[in-house]
Amino acid sequence: MDTMTTTAATTTTSVVRFESVTKSYGDVRAVDGLTLELHPGETVALLGPNGAGKSTTLDLLLGLKNADSGTVRVFGTGPREAIVAGRVGAMLQSGGLMDEVTVGELVKLACDLHPRPYRADEVLARASIAQIADRKVNKLSGGQAQRVRFALATAGDSDLIVLDEPTTGMDVTARQAFWATMREQADQGRTVLFATHYLEEADAIADRVLVLHRGRLLADGTAAEIKAKAGARRVSFDLEGTIEEAPLRALPFLTSITVSKSGSGQTVRIQSSDADATVHALYGLGVYPRNLEVAGLGLEQAFVAITEAEEATLAAEEAASK
Amino acid sequence: MNSLIKLEITRALRNRKFLFFSVIYPSALFLLIAGSADDHTKVPGTGLTMPTFFMVSMASFGALTAVLMGNSERIAKERESGWVRQLRLTPLPGRGYVFAKTASAAVISLPSIVIVFVVAAAVKNVRLDVWQWFALTGVIWAGSLVFAALGVAIGYLASGDAVRPITMIVYFGLSMLGGLWMPTTTFPDWLQSIAKWLPTHAYAALGQAIELGNAPHAKDIAILAVSFALFAGGAAWLYRKDTLKA
């Protein structure tokens, strides 16, 4: 009885629910046993490198593709039903526009198709494309086309807005303006899900970040938590002569280390989750590191770092249980 | 769906090249072929004069151009650009897109039929009863649906660079072999026996029967019905395949 009430409650409060969803293309598993849930009013970033399965995940969510196994529910129904009910507005990278018509005509069409439409002039103004309403769609710049897609996604009163790398092709100013508009949408209580491969973008906009890597959910938390996990830095330096490796390995916050010969000395490469503390302790060893460099990891490397960390934890847990 | 149909029509009417080829070109071709023919010589094996024969041929050809070209190239192009995908994110049902395309093509094909009739009546003195004019318009307009379905099927079958050549081959092949440009009675026997089974041949035959004051032959109606079932079935199958792939 208890389980039944819980199920009913979660069905009504979850905006999106994936359960063990798998989707393959030939031998490639684009989405691999993905389980996730979005709650009303959240602004969620779907973060991952190219090929992580972000677009496939969004396609499954929007009913553009069918899962090989598992279930996808949007507002407690199938994706298509949710779209027909006008509850989802979406902007895809691959979403084309009808050409030979004007921006104004196209936005008007999107409004006419929505069950709870806004006025076309409002939609144009909000997407900052009112001044190009008379321009033909095929004569737009990349950034302008992106704003038209945004207008199509917000033509009516939808409860969930899905955006696939929405700021692609926009310059910095346009990007900032775009996210300001997006924030207004979120402030009105809408759930917003956007895919991005910029950690900074996820950090600045999202309340919650889902990290996707090789079709699996690698991490789920606040941007700060993810940053702490993915915020690893790389420290490298040269040391003269031969050195003891043991004290280096004992440096705090160190996640990995490689020592290689170079000339008369050694080059040491370290990955650290807190580079400041690691470097401070390094000087404490009484060595004189030369050519010291501290650099952030790219997102791809950060994911590898997180994966390795998770695998290490799993292995440790397994070992402990034996 | 109405707003999509409206926008499709607006856009088709704006496209001058498309308008020229589907609305003006058939009439021009009529004048070119039938212009110098005298009003009394009969086309062998038909019982129709040159101008009356070619009036129906060119009206059918014009309607065919509008619906076939209108559907195939645009659908292929919009599948590729992702517009079809974008539309799937709206409450519009999938068939609504195909329906809107076909409806807008039909709006263009009507004037192309009527203009050929007006030119034929004015320049070549083609005279028919009032009911015949209406029946001709209705039959040719309705029959064009067969080729609209073929256009949809090609639009979902081919993509990118392939769609234009495929459309052209089908378009010219069906027009020529079906006898829209010259009577099939001028063909060698073996070709005649193929031509009479083509939907374009049956299509023009509907109009010719009405011009002679008869009801269309059951065989021609059957050929068109079977063709329509094949093309529409193929289009539906290809559409579903494309949707799953998307």
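Guide: Two strands are said to pair if DSSP finds at least two bridges between them. Please keep in mind that the model above is a predicted one.

Visitor: What makes strands E5 and E6 of chain A a pair?

Guide: Strand E5(A) is joined to strand E6(A), residues 160–164, by four bridges, and the two run parallel. Since at least two bridges are required, and four are found here, the two strands count as paired. One of the matches can be named: Met91(A) has Leu163(A) of E6(A) as its bridge partner.

Visitor: How do you know that both faces of E5(A) are covered?

Guide: A residue is called buried if 20 or more other C-beta atoms lie within 10 Å of its own, and in E5(A), which spans residues 88–91, the residues on either side meet that description. Val88(A) and Ala90(A) are buried on one side, while Gly89(A) and Met91(A) are buried on the other. The reason for looking at the two sides separately is general: in a regular strand the side chains alternate between the two faces of the sheet.

Visitor: Why is strand E3 of chain A described as largely enclosed?

Guide: Strand E3(A), residues 43–47, has five of its five residues buried, so the rest of the structure largely encloses it. Thr43(A), Ala45(A) and Leu47(A) point one way, Val44(A) and Leu46(A) point the other way, and all are buried.

Visitor: Which strands are joined to E3(A) by bridges?

Guide: Strand E7(A), residues 191–196, runs parallel to E3(A) and is joined to it by five bridges, with Phe194(A) as the bridge partner of Ala45(A). Strand E8(A), residues 208–213, also runs parallel to E3(A) and is joined to it by four bridges, and there Val211(A) is the bridge partner of Leu47(A). Set against the minimum of two bridges, the five with E7(A) and the four with E8(A) make each of these a pairing.

Visitor: Why is Leu218(A) called buried?

Guide: Leu218(A) has 20 other C-beta atoms within 10 Å, and because 20 or more are needed for a residue to be buried, Leu218(A) is classed as buried. This residue belongs to strand E9(A), residues 216–221. The C-alpha atom of Leu218(A) is 9.4 Å from that of Gly48(A), although the two residues are 170 apart along the chain.

Visitor: What makes E2 and E4 of chain A the edges of their sheet?

Guide: Three strands of chain A form an open sheet in the order E2-E1-E4, with antiparallel pairing. Strand E2(A), residues 28–38, and strand E4(A), residues 69–74, each have a single partner strand, so one side of each is left without a neighbour in the sheet. From one strand to the next the twist averages 25°. Between E1(A), residues 16–25, and E2(A) there are seven bridges in the antiparallel sense, and Arg17(A) stands opposite Glu37(A) of E2(A). Helix H2(A), residues 54–61, packs on this sheet, touching E1, E2 and E4 of chain A, and its direction makes about 60° with that of E2(A).

Visitor: How do you know that the size of chain B agrees with that of a compact globule?

Guide: For 246 residues a compact globule would have a radius of gyration near 18 Å, and chain B has 18 Å, so the two agree. Along the principal axes, the C-alpha trace of chain B spans about 60 × 40 × 30 Å. Chain B contains 10 helices and two strands, and 46% of its 246 residues are buried.

Visitor: Which elements of chain B give two or more residues to the side that touches chain A?

Guide: Contact involves 18 residues of chain B and 22 residues of chain A. On the chain B side, the elements that give two or more residues are helix H1 (2–14), helix H3 (50–81) and helix H4 (83–87). H1(B) gives the most, with five residues. By kind, the residues on that side of chain B divide into seven nonpolar, six polar and five charged.

Visitor: What does chain A contain as a whole?

Guide: Chain A has 12 helices and 13 strands, and 39% of its 322 residues count as buried. Its C-alpha atoms fill a box of roughly 75 × 55 × 40 Å along the principal axes.

How values were computed:
Residues are numbered from 1 along each chain as its sequence is written. Chains are lettered from A and ligands numbered from 1 in the order in which they are written. This is a predicted model: local features need pLDDT of at least 70, side-chain atom pairs count only at pLDDT 80 or more; totals for chains, interfaces and linings use all residues. A residue is buried if 20 or more other C-beta atoms lie within 10 Å of its own, exposed if 12 or fewer, and partly exposed in between; C-beta atoms are placed from the backbone. Axes are lines fitted to C-alpha atoms, for helices over the stretch in contact, and angles run from 0 to 180 degrees between N-to-C directions. Two residues are in contact if their C-beta atoms, placed from the backbone, lie within 7 Å. Ala, Val, Leu, Ile, Met, Phe, Trp, Tyr, Cys and Pro count as nonpolar, Asp, Glu, Lys and Arg as charged, and the others, Gly among them, as polar. The radius of gyration is taken over C-alpha atoms; the globule rule is 2.2 Å times the number of residues to the power 0.38.
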